[in-house]
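Colleague: I haven't looked at this one before, so could you walk me through it?
Modeller: Gladly; let me put it up and we can take it piece by piece.

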Amino acid sequence: MKIIVFGLGNFGMALSLSLTETGNEVIAIDKQMDKINLVKDKISHAICMDSTNELAYEAVPLKDADKVIVAIGENEGAAIITTAIIKKLCNVKIISRALSPIHDTVLEAMGIHSIVHPEQDSADRLTKQINFKSTLENYQLDNNFTISEVKAKPEFFGKTLQELDSIDKYRLTLITIIREKEKKNLIGKKTIIKETIGRTSPNTLILEKDILVVYGNNKDIENYCMGEEEYDLRNKNI
């Protein structure tokens with residue numbers, strides 16, 4: 001994937017290098033030349049520019065990027081302005097770092113739903129979330145095996161686990177299912193929460209919005225996250 005990272009503080013630097021090491025094309029951007037010099041020979045491209053200047057974006061291939069990460073950590077205002085400019089210029093998926101609760105609120109108001117807090121989420125964990133394109137959360141057990149949350153495929157909807165043969169071809173072990181549930185608060189207002197259904201059985205039915213918690217080899221999880229045609233093509237070539 002082509003990923004653009006804005007901000008080369010400790011978090012942005014670690015993330016840029018980690019994403020590069022896992023096979024991504026990374027373009028890193030920072031306004032300080034000394035930080036650019038630190039990474040320019042270790043990643044695909046490094047650009048020195050002020051990301052709060054909209055005119056400077058003519059040199060940035062935003063529309064060609066798969067994801068843009070705003071990792072700026074020193075200046076909350078600069079982070080918000082940068083996010084707003086990117087949002088204005090293209091429809092690319094934005095992952096933005098939040099520096100405070102009010103920053104969270106502003107990003108949510110801007111329609112940014114992928115918000116990270118480096119104090120809680122390590123660069124390695126975010127790298128795995130990005131590389132596993134369709135997974136929601138991951139817990140890596142070792143270098144080869146991971147527990148992941150993945151969306152149920154449309155072909156599973158309305159079928160019981162006993163009826164499903166197609167899930168077996170992905171060589172994944174289903175641990176449990178996370179399902180949406182309607183709940184009323186004390187004043188009767190309805191809200192949607194997500195809960196695990198606990199232990200599954202052969203009669204467990206897969207519903208449209210179900211999230212499957214699966215265990216398996218990293219490559220098998222990647223295979224599951226592919227489109228059907230891409231999956232069949234890869235396995236024909238093995």
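Modeller: Bear in mind that this is a predicted model. A good place to begin is β5, where four of the five residues are buried, so the strand is largely enclosed by the rest of the structure.

Colleague: And which strand does β5 pair with, and in what sense?
Modeller: The partner is β4, and the two run in the parallel sense, joined over four bridges. To find your way along the pair, look for Ile 69, which stands opposite Ile 95 in β5.

Colleague: Okay, what do the buried residues of α3 pack against?
Modeller: They pack against β1 (2–6), β4 (67–70), β5 (93–97) and α4 (101–109), so the β4 and β5 we have just discussed are among the partners of this helix.

Colleague: Which residues of α3 are the buried ones?
Modeller: They are Ala 78, Ala 79, Thr 82, Thr 83, Ile 85 and Ile 86. These residues cover an arc of only 165° around the axis, which puts them on the same side of α3. In general, an α-helix has 3.6 residues a turn, so residues three or four places apart point the same way.

Colleague: How far apart are the end C-alpha atoms of α3, and what should the helix span?
Modeller: At 1.5 Å a residue, the 14 residues of α3, numbered 76–89, should span 20 Å, and the end C-alpha atoms are 20 Å apart, which agrees.

Colleague: What caps its N-terminal end?
Modeller: For α3 that is Asn 75, with a side-chain oxygen 3.0 Å from the backbone nitrogen of Gly 77. The N-terminal end of α6 is capped by Asn 217, where a side-chain oxygen lies 2.9 Å from the backbone nitrogen of Lys 219.

Colleague: Since you mention α6, how many of its residues are buried?
Modeller: Six of the eight residues in α6, which covers 218–225, are buried, and the helix is mostly covered. The buried ones are Asn 218, Asp 220, Ile 221, Asn 223, Tyr 224 and Cys 225.

Colleague: Switching to cysteines, how many disulfides are there?
Modeller: The count comes to zero, taking a disulfide as two cysteine sulfur atoms within 2.5 Å. As for individual cysteines, Cys 48 is partly exposed, with a relative accessible area of 37%, whereas Cys 90 counts as buried at 9% relative accessibility.

Colleague: Last one: where is Arg 171?
Modeller: Arg 171 sits in the loop between β8 (145–151) and β9 (173–184), and it has a positive phi of about 60° although it is not a glycine. For context, most residues other than glycine have a negative phi.

Conventions. Residues are numbered from 1 along each chain as its sequence is written. This is a predicted model: local features need pLDDT of at least 70, side-chain atom pairs count only at pLDDT 80 or more; totals for chains, interfaces and linings use all residues. Side-chain values use heavy atoms; hydrogens and water are left out. The expected span of a helix is 1.5 Å times one less than its number of residues. Buried means under 20% relative accessible area, exposed over 50%, partly exposed in between (1.4 Å probe, protein chains only). The arc is that of the directions from the helix axis to the C-beta atoms. Contact means heavy atoms within 4.5 Å. A polar contact is a pair of N or O atoms within 3.5 Å; within protein, one must be able to donate a hydrogen and the other to accept it, and residues adjacent in sequence count only if both atoms are side-chain atoms. Two strands pair if DSSP finds at least two bridges between them.
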